[in-house]
Amino acid sequence: MSSFDVVIIGSGPGGYVSAIRCAQLGFKTAIIEKYPTLGGTCLNVGCIPSKALLASSHHYEELQHFADHGIEVSGKVKVNLTKMIERKQAVVDQTSGGVKFLMDKNKITVFEGVGSFEDATHIKITNGKKSEVIEAKNTIIATGSKPSTLPFITIDKERIITSTEALKLSEVPKHLVIIGGGVIGIELGQVYLRLGAQVSVVEFMDRIIPGMDGALSKELTKVLKKQGMKFYTSHKVKEVTRKGKNVTVKADDAKGNELVLEGDYCLVAVGRRPYTDGLNVEKAGVKLTERGQVEVNNHLQTSVSNIYAIGDVVKGAMLAHKAEEEGVMVAEYLAGQKPHIDYNLIPGVVYTWPEVAAVGKTEEQLKADGVAYKVGNFPYRALGRARASSDLDGFVKILADAKTDEVLGIHMIGARCADLIAEAVTAMEFRASAEDISRMSHAHPTFAEAVKEAALAATDNRPLHI
Ligand SMILES: Cc1cc2nc3c(=O)[nH]c(=O)nc-3n(C[C@H](O)[C@H](O)[C@H](O)COP(=O)(O)OP(=O)(O)OC[C@H]3O[C@@H](n4cnc5c(N)ncnc54)[C@H](O)[C@@H]3O)c2cc1C
């Protein structure tokens, strides 16, 4: 029987990054993945394919504005969705191949098959009719998540679909009805909106991207409405039915008024559930929470001392970079180090255009916590860089402590915010004040100048360019 210092179950961004860090620290490491391709949800049906389609559809949309720049395109421009999906798949395959390369480079043993516990130190790997048992001094559960649905909805994977199917449609929907105005629904909605679909979003809460600062939600709604997306917030979906190629979604608003939407596709994007099916956690004595997550302590250790869990399968934001940080943290903890993650400083991003990004506390959270704060805002339209590329929508908003000026949250919407947020995270990691940021030189002309200007507005109400 082969034996390992660390066995990781699941090869998503949590699992494969953890495997690399374990190997770097000198542990004999193995990773088990049930699918033939490595990389988990993120690489295969999540972050990477969705960003590939967002990039392709963004090119198509930008082309509609070429004439404004004095570029005349003659002949009809049309979308070849099959080619677009093929390109997306090529990006996915290449990225997944990169993970296999990293496993080999770091001498990590890769097992293909379903991993399930025999007991706390033995894991059975089943691949078709073949199975073998390996010994693990330590195990890291990194089995991720799957799309969830509502109890009365049957996902048929053809017309009533999840994000997984939405990443490989063979036609542009005429009318795509999306249930759920969270990040995944909105990103995929914008892909098909750009490609010519009518897109309607039905959301239970009173706003889209409800976890983010209210100002971001308001601005994104405004911009997407301008682009043609329709929103039905504060609506509770009660029925989804399919007849042939048609799908009907029924929902009630807060007053009980019925909304009926007829579409040809319905994307159910109501969140994801932690995935532990087939893992036989009970055989190892690992406890789950009421929500089906693997229960862990601050060291990401489960109820069994040599078994850890990371990523989407445990509490916290379901984000690839959060899973990665946790994977590194467990590896270093096993090596006797004292790693730490500040969960308040895990950024959140929506890859629509304009992009939305945030880190730290929202204004709503500060109000609820009774914290006295100052706000500094700076609009994109006042930036020379934004005017040069006609990316006028958006703003940067900085929340700072009213007394100490320490930055408590940075919220932004606009071109390239997904990259700009790194400055905000760095500043907050070093516990910068708004004045600290305002006194740092920011290259001109850049979108990053909005961060400096918002910091000037927050610290002393003295932005320079408005
Ligand atoms: C459409 C979409 C877009 C997204 N976009 C982003 C984004 O832009 N940025 C971001 O940060 N996050 C994004 N996410 C979320 C991100 O994909 C997840 O947070 C991330 O993949 C979680 O990583 P993980 O390692 O915990 O699990 P996963 O990536 O889910 O990987 C778990 C792996 O474990 C395997 N597995 C499960 N059980 C077993 C078993 N018993 N034996 C062997 N293998 C098993 C699974 O097959 C899977 O490969 C997106 C998600 C979706 C669906």
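**View 1. Pro445 in the loop between helix 13 and helix 14.** In this predicted model, Pro445 sits in the loop that runs between helix 13 (434–438) and helix 14 (449–460). The peptide bond that joins His444 to Pro445 is cis. Its omega is about -5°, a handy value if you are checking the backbone geometry here.

**View 2. A cis bond from Trp353 to Pro354.** Here the view moves to another loop, the one between strand 18 (348–350) and strand 19 (355–360), where Pro354 is found. The peptide bond from Trp353 to Pro354 is cis, and omega is near 5°.

**View 3. Pro347 in the loop between helix 9 and strand 18.** This loop links helix 9 (320–334) with strand 18 (348–350), and Pro347 is placed in it. Is Pro347 buried or exposed? Pro347 counts as buried because its relative accessible area is 17%, and the cut-off for buried is under 20%. For a sense of distance, take Thr233 as a partner: Pro347 and Thr233 are 114 residues apart in sequence, and their C-alpha atoms are 25 Å apart in space.

**View 4. The ligand and the residues around it.** Which residues come nearest to the ligand? Of the 39 residues around it, they are Glu33, Thr41, Lys51, Gly115 and Ala320. By type, the shell around the ligand holds 17 nonpolar, 17 polar and 5 charged residues. Several elements each supply at least two residues of this shell: helix 1 (13–24), strand 2 (29–33), helix 2 (40–45), helix 3, strand 4 (114–119) and helix 9 (320–334). Helix 2 gives the most, with 4 residues.

**View 5. Polar atoms beside oxygen atoms of the ligand.** Let us start with a side chain: a polar side-chain atom of Asp312 lies 2.9 Å from an oxygen atom of the ligand. The backbone takes part too, as a backbone N or O atom of Leu319 is 3.2 Å from an oxygen atom of the ligand. At Cys42, a polar backbone atom is 3.3 Å from a ligand oxygen. Taken alone, the ligand exposes 1000 Å², and the protein buries 95% of that area.

**View 6. Lys107, a residue with positive phi.** Lys107 is found in the loop between helix 4 (81–105) and strand 3 (109–112). Its phi is near 55°, a positive value in a residue other than glycine. Lys107 counts as exposed because its relative accessibility is 72%, where the cut-off for exposed is over 50%.

**View 7. Leu300, with phi near 65°.** Again the positive phi belongs to a residue other than glycine. Leu300 has its place in the loop between helix 8 (281–284) and strand 17 (307–309). Is Leu300 buried or exposed? With a relative accessibility of 4%, Leu300 counts as buried.

**View 8. A nonpolar surface patch made by Ile71, Val73 and Val77.** Together these three residues make a patch of about 210 Å². Val73, one of them, is found in the loop between helix 3 (47–63) and helix 4 (81–105). The relative accessible area of Val73 is 43%, so Val73 is partly exposed: that class falls between the 20% limit for buried and the 50% limit for exposed.

Definitions and conventions:
Residues are numbered from 1 along each chain as its sequence is written. This is a predicted model: local features need pLDDT of at least 70, side-chain atom pairs count only at pLDDT 80 or more; totals for chains, interfaces and linings use all residues. Side-chain values use heavy atoms; hydrogens and water are left out. Patches are made of residues with over 30% relative accessible area and no salt bridge: like charges are joined within 9 Å, nonpolar side chains (Val, Leu, Ile, Met, Phe, Trp, Tyr) within 5 Å. Accessible areas come from the Shrake-Rupley method with a 1.4 Å probe; for residues, only the protein chains shown count as cover. A salt bridge is a side-chain nitrogen of Lys or Arg within 4 Å of a carboxyl oxygen of Asp or Glu. Buried means under 20% relative accessible area, exposed over 50%, partly exposed in between (1.4 Å probe, protein chains only). A residue is near a molecule or strand if one of its heavy atoms lies within 4 Å of it. A polar contact is a pair of N or O atoms within 3.5 Å; within protein, one must be able to donate a hydrogen and the other to accept it, and residues adjacent in sequence count only if both atoms are side-chain atoms. Ala, Val, Leu, Ile, Met, Phe, Trp, Tyr, Cys and Pro count as nonpolar, Asp, Glu, Lys and Arg as charged, and the others, Gly among them, as polar.
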